[in-house]
Amino acid sequence: MRRLLPATLLVSAGAIGYELLLMRVLSIVQWHHFAYMIISLALLGYGASGTFIALFKRQLETRFEAAFATSALLFSITMVLCFALGQRVPFNALEIVWNPQQFVNLSLIYLVFFVPFFFAASCIGLVFTCRQSHISRIYFFDLLGAGLGAMLIIGTLFLLIPQNALLLLMMLPLFASMMIGVRSTARVPLISVQALWLAVLIAGIPQTQLNLRISEYKGLSQALEVIDSDVVQVSSSPLGLITVVESPTVPIRHAPGLSFNTRHIPPEQLAVFTDADGMSAITRFDGDLDALGYLGDITAALPYTLLDEPDVLVLGAGGGSDVLLALYHGANSVDAVELNPQMTELVAKTYSDFAGSVYDDPRVTLYTREARGFVARSDAQYDLIHIGLLDSFGASGAGVQTLNESYIYTVEAIREYLAHTSPGGVLAITRWLKLPPRDSLKLVSTAIAALKALGVNEPGTQLAVIRSWNTSTVLVKNGAFTPDDIASIREFARSRSFDTAWFPGIQASDTNRFNLLDDPYLYYGTTALLGEHADEFAERYKFHIEPATDNQPYYFHFFKWATLPEVIALRKVGGAALIEWGYLILIATLLQAIIAGLVLILLPLAAVERNWPAGTAPRMGAYFLLLGFAFLFIEMAFIQKFILFLSHPLYSVAVVLSGFLVFAGIGSALSERLARRLEASGRSPVAIAAAGIGLLTLLYVFLLPLLFRGFIGYSDVVKIAISITLIAPLAVGMGMPFPLGLKHVAKTAPDFVPWAWGINGFASVMSAVLATLLAIEFGFTFVIVLALLLYAIAALILRTSMRSRA
């Protein structure tokens with residue numbers, strides 16, 4: 001056990017670290033972290049390994065050390081091989097609408113990345129199966145390893161690029177294999193392969209084999225197609241892979257929404273990409289504001305025509321362009337907020353001379369914080385709160401952000417922003433323009449809902465919208481726009497050939513004058529959303545433009561099932577571009593999870609002897625199925641909710657996942673003691689556990705928004721500690737129903753135990769994806785309440801089964 005316990009810890013740490021690393025890699029090479037898919041395929045690995053062990057238990061028990069060491073070694077090897085192979089699958093998310101082959105490629109990625117988790121889970125499953133007398137200590141080291149693995153990969157990604165972080169992770173199961181292999185009956189061949197694999201690592205795996213294969217349609221790939229363009233700097237962290245590109249021959253010109261009437265040329269710029277997309281620019285600045293004249297001819301400059309020497313808050317400072325915009329227009333002060341410390345270091349230090357030391361300007365104060373957290377903790381009032389473009393035009397137009405949780409553009413966020421604007425102050429948000437309008441109308445809809453929530457009876461008097469050929473800027477004022485404001489808006493738009501889409505008193509003749517469309521869609525849509533039949537308009541509209549909220553923070557979700565047949569019929573004449581592909585990938589992943597779970601978990605169990613009392617299969621099968629759904633529903637909902645609090649998806653997955661694993665394990669360990677006490681007094685332990693889960697979860701539904709608002713501005717360490725404290729009691733309760741049910745089955749129908757594991761694993765594989773789908777459609781609260789209902793039904797089933805046995 002002196003060797004086995006640390007070996008278990010190393011394998012468990014490697015598994016959770018690899019899980020988080022894959023999420024980070026997919027964020028870079030594709031457009032989304034695909035957390036739901038990675039969690040699903042990891043659970044598939046654990047479920048399939050359980051079935052494998054059940055089928056070959058006798059053979060594996062007699063060769064335990066050799067089986068463990070071999071599985072750990074194969075885990076180490078396949079971590080690297082599947083990392084490389086998975087990126088070689090020619091999956092292009094943008095083609096999924098019109099090319100059925102991409103669904104096959106998505107399935108291949110799913111199955112390739114499943115393999116390492118199968119071997120990792122085989123190690124853990126073998127230990128639990130063959131060393132049952134030490135199960136409590138093994139469970140502790142397994143869960144401790146999961147927590148340490150999450151911390152390790154987060155810390156490592158601050159120091160190493162993902163490829164090198166992979167090489168560090170794969171050493172963990174290799175060491176585990178060496179620790180156990182020396183005692184095995186197959187130690188000679190094992191030591192030979194281990195030594196060979198170690199020699200390959202020491203010699204160095206060619207980086208060309210592990211290099212990230214970024215989609216050719218992402219902004220970085222396209223920028224590097226330009227003649228003489230070159231990467232001049234790369235830095236990595238869990239928050240993003242930052243890549244700086246220069247293009248001396250064909251100059252970079254990044255000025256979103258620039259008027260065709262402008263007489264100014266942007267100065268030299270460096271392109272900065274986050275995760276190979278979401279470009280921002282560092283602009284050469286020598287202190288001469290006249291050289292920045294182009295900044296007066298973009299739609300984002302509109303609010304400065306209404307304000308005189310404003311105090312400005314810039315959320316998402318990026319490469320500093322929006323800070324320069326404020327300085328160019330004579331801002332009295334600028335508070336610049338940027339989440340990623342690497343980005344601020346680029347502008348403030350690495351390229352400080354190039355950027356004219358813009359962050360050293362006495363009017364500028366730089367904060368490395370999350371936007372919502374900064375606003376929540378700030379007592380300042382601003383004349384202007386500016387939110388610029390935080391994503392790329394290509395990503396926005398292609399619908400690749402459908403599944404991204406964005407808490408920047410929700411009703412609650414806009415209410416907080418407006419609470420920090422001075423009387424007469426303005427919130428300005430610039431977005432890419434999509435046609436037919438989706439993004440812009442959803443922003444207008446969200447702003448209207450926020451104003452109504454603040455008690456504004458006529459929100460149209462506090463809104464203004466203009467558009468260029470590729471951007472739209474929405475102004476939300478703290479107070480009604482005055483006639484002078486309206487005159488300034490009209491003159492600003494006219495002189496730069498921008499189109500007005502809304503201001504108080506607008507007429508149809510004021511719209512669609514310069515950048516001509518078939519109809520003034522944005523004007524018609526805004527007018528309808530401000531009218532008496534706004535709900536009916538949103539219901540009839542071809543895209544989902546209902547307001548985004550903290551409960552449904554999917555601002556970029558525009559997909560409607562009712563529109564799908566019409567769009568598919570038009571796919572050969574450009575209709576495919578109107579489908580949000582991210583949603584279709586979610587559906588495809590759910591289908592492949594169901595198929596893979598059936599083939600790799602449930603169907604092989606048919607070979608296991610089925611000798612149990614009548615009625616066991618339907619009752620207890622339903623029990624373990626419901627537990628699989630319920631546990632993952634709550635876990636996935638919390639992962640998505642805690643993104644707001646912890647500022648980034650990877651942080652949320654690491655903290656919430658490891659928190660639930662560790663404390664559910666503790667709950668499992670405590671379940672037997674609790675069961676003895678409760679059963680002695682005639683009470684059902686599962687019913688008590690389910691009641692506790694329900695009570696805590698419902699309490700959190702109401703308390704979490706208040707707690708998040710109060711603590712969101714604190715440091716990461718404090719927020720992680722608060723998160724773990726909140727998750728712990730709930731996870732302890734959630735860890736009890738499964739072992740209690742398994743104990744009952746072991747007593748009454750021992751042959752059903754492998755099926756219990758398999759059915760629960762099958763449900764877990766599906767529910768990781770299904771929970772995300774339900775959250776997008778109905779919100780996190782719905783998913784959580786549904787999970788509580790499933791727990792209640794499961795408790796009733798087990799109680800009935802135990803009574804019938806008695």
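1. Arginine 709 is partly exposed in this predicted model, with a relative accessibility of 43%. The side chain of arginine 709 meets that of glutamate 416 in a salt bridge, with an N to O distance of 3.9 Å. The pair ties together distant parts of the chain, since arginine 709 belongs to helix H24 (residues 685–711) and glutamate 416 to helix H15 (residues 411–419), 293 residues apart. Glutamate 416, in contrast to its partly exposed partner, counts as buried at 14% relative accessibility. A reader who relies on this contact may wish to keep in mind that the salt-bridge criterion is a nitrogen-to-oxygen distance within 4 Å, and that the value for this pair is 3.9 Å.

2. A second salt bridge lies inside one helix: glutamate 491 and arginine 494 meet through their side chains at 2.8 Å, N to O. Because these two residues stand three positions apart in helix H17 (residues 483–495), about one helical turn separates them. Both ends are partly exposed, glutamate 491 at 40% relative accessibility and arginine 494 with a relative accessible area of 43%. Elsewhere, salt bridges with shared partners join Arg372, Glu416, Asp550 and Arg709 into one network.

3. Aspartate 361 and arginine 363 form a further salt bridge, their closest N and O atoms lying 3.1 Å apart. Aspartate 361 is buried, at a relative accessible area of 19%, and this assignment rests on a cut-off of under 20%. Arginine 363, at 29% relative accessibility, counts as partly exposed. The total under the distance rule is twelve salt bridges.

4. On the surface, Leu152, Phe158, Leu159, Leu160 and Leu168 make a nonpolar patch of about 440 Å². One of these residues, leucine 160, sits in the loop between helix H6 (135–156) and helix H7 (162–181). Leucine 160 is partly exposed, with a relative accessibility of 30%; patch membership requires over 30% relative accessible area, and the printed percentage for leucine 160 should be read with that threshold in mind.

5. Confidence deserves a separate remark. The average pLDDT of the protein is 88, and 95% of the residues score at least 70. The highest confidence falls in strand E10 (residues 463–467), at a mean of 97, whereas the lowest falls in helix H14 (residues 393–398), at 42. Over residues 392–400 the pLDDT stays under 50, although the model has 26 contacts beyond four places in sequence for this stretch. Where pLDDT is low, predicted coordinates should not be read in detail.

Terms used
Residues numbered from 1 in each chain as written. Predicted model: local features only at pLDDT ≥ 70, side-chain atom pairs only at ≥ 80, totals over all residues. Heavy atoms only, no water. Patch = residues over 30% accessible without salt bridge, like charges linked within 9 Å, V, L, I, M, F, W, Y side chains within 5 Å. Areas by Shrake-Rupley, 256 points an atom, 1.4 Å probe, with all protein chains shown as cover. Helix = DSSP H or I, 4+ residues; strand = E, 2+ residues; numbered from the N terminus. Buried < 20%, exposed > 50% of the residue type's maximum accessible area, 1.4 Å probe, protein only. pLDDT = per-residue confidence, 0-100. Contact = heavy atoms within 4.5 Å.
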